[in-house]
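Student: I am new to this structure and would like a close look at a single part of it. Could you take me through that part slowly and then place it within the rest of the chain?

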Amino acid sequence: MFRKLRDHDGTPLVALDKDELRIDNVLSDDGEIPDDQQMHVQRLGEGADLVRSVTEDQMRPLSEVMEIPGL
């Protein structure tokens with residue numbers, strides 16, 4: 001799925017798919033985006049960034065999120 005890069009008051013922004021966030025239990029019980037939900041953006045390399053949700057000040061290790069040879 002392609003998403004357009006947008007300008008949000010000078011900050012580059014790309015929207016995440018709400019259905020995918022619902023599957024990952026990031027949204028509240030009523031399907032809304034929680035005000036206090038922290039997300040971590042990590043640059044993996046040129047043109048590649050990873051966005052992960054943070055739960056209770058914890059992030060799952062990258063090796064649990066993705067299957068990457070050598071990790």
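**A close look, beginning with a serine**

Tutor: The part to begin with is a contact between two side chains, for in this predicted model the side chain of Ser28 makes a polar contact with the side chain of Asp30, at 2.3 Å. Ser28 sits in the loop between H1 and E3, and with a relative accessibility of 27% this serine counts as partly exposed. The loop between helix H1, residues 18–23, and E3 also holds Asn25, whose phi is positive, near 60 degrees, in a residue other than glycine. That value deserves a remark, because most residues other than glycine have a negative phi. Asn25 counts as exposed, since its relative accessibility is 68% and the cut-off for exposed is over 50%.

A positive phi also turns up in another loop, at Asp9, where the angle is about 55 degrees although the residue is not a glycine. Asp9 belongs to the loop between strand E1, residues 6–8, and strand E2, residues 11–13, and at 76% relative accessibility Asp9 too counts as exposed.

To place these loops, it helps to read the chain as a whole. The chain has 2 helices and 4 strands, and from the N terminus on its elements follow the order β-β-α-β-β-α. Its C-alpha atoms fill a box of roughly 40 × 30 × 25 Å along the principal axes, and 11% of the 71 residues count as buried. The accessible surface comes to about 6500 Å², and 48% of that surface belongs to carbon and sulfur atoms. Among the contacts with a separation of 6 or more, 3% are between residues 24 or more positions apart.

On one side of the loop that holds Ser28 comes helix H1, where a salt bridge can be found. Arg22 forms this salt bridge with Asp19, and the closest N and O atoms are 2.9 Å apart. Because Arg22 and Asp19 are 3 residues apart in helix H1, about one helical turn separates them. Arg22 is partly exposed, as its relative accessible area is 42%. A search of the whole structure finds 2 salt bridges, and another pair is Asp17 with Arg3, whose closest N and O atoms are 3.0 Å apart. This pair links distant parts of the chain, since Asp17 is in the loop between E2 and H1 while Arg3 is in the segment before E1, 14 residues away. Arg3 is partly exposed, with a relative accessible area of 35%. Such pairs can be understood in general terms, because side chains of opposite charge can pair when their charged atoms come close.

On the other side of that loop comes E3, and here the view turns to paired strands. Strand E3, residues 38–45, pairs with E4 in the antiparallel sense over 7 bridges, and within this pairing Gln42 has Leu50 in E4 as its bridge partner. The hairpin of E3 and E4 has 2 residues between the strands, and in this hairpin Gly47 takes a positive phi near 75 degrees.

Within the second strand of this hairpin, Arg52 is a residue to look at with care. Arg52 lies in strand E4, which covers residues 48–54, and this arginine is buried, because its relative accessible area is 11% and buried means under 20%. The side chain of Arg52 reaches the backbone oxygen of Arg60 at 2.7 Å. Leaving aside residues up to four places away in sequence, Arg52 touches Gln38, Met39, His40, Gln42, Met59, Arg60, Pro61, Leu62 and Val65.

One of those neighbours, Met39, leads from the buried arginine to the surface. Met39 lies in strand E3 and is partly exposed, with a relative accessible area of 34%. Together with Leu16, Val41 and Val51, Met39 makes a nonpolar surface patch of about 330 Å². The path that began at the polar contact of Ser28 and Asp30 has thus passed through helix H1 with its bridge between Arg22 and Asp19, and through the antiparallel pair of E3 and E4, to arrive at this nonpolar patch.

Key. Residues are numbered from 1 along each chain as its sequence is written. This is a predicted model: local features need pLDDT of at least 70, side-chain atom pairs count only at pLDDT 80 or more; totals for chains, interfaces and linings use all residues. Side-chain values use heavy atoms; hydrogens and water are left out. Buried means under 20% relative accessible area, exposed over 50%, partly exposed in between (1.4 Å probe, protein chains only). A polar contact is a pair of N or O atoms within 3.5 Å; within protein, one must be able to donate a hydrogen and the other to accept it, and residues adjacent in sequence count only if both atoms are side-chain atoms. Contact means heavy atoms within 4.5 Å. Two strands pair if DSSP finds at least two bridges between them. Patches are made of residues with over 30% relative accessible area and no salt bridge: like charges are joined within 9 Å, nonpolar side chains (Val, Leu, Ile, Met, Phe, Trp, Tyr) within 5 Å. Accessible areas come from the Shrake-Rupley method with a 1.4 Å probe; for residues, only the protein chains shown count as cover. A salt bridge is a side-chain nitrogen of Lys or Arg within 4 Å of a carboxyl oxygen of Asp or Glu.
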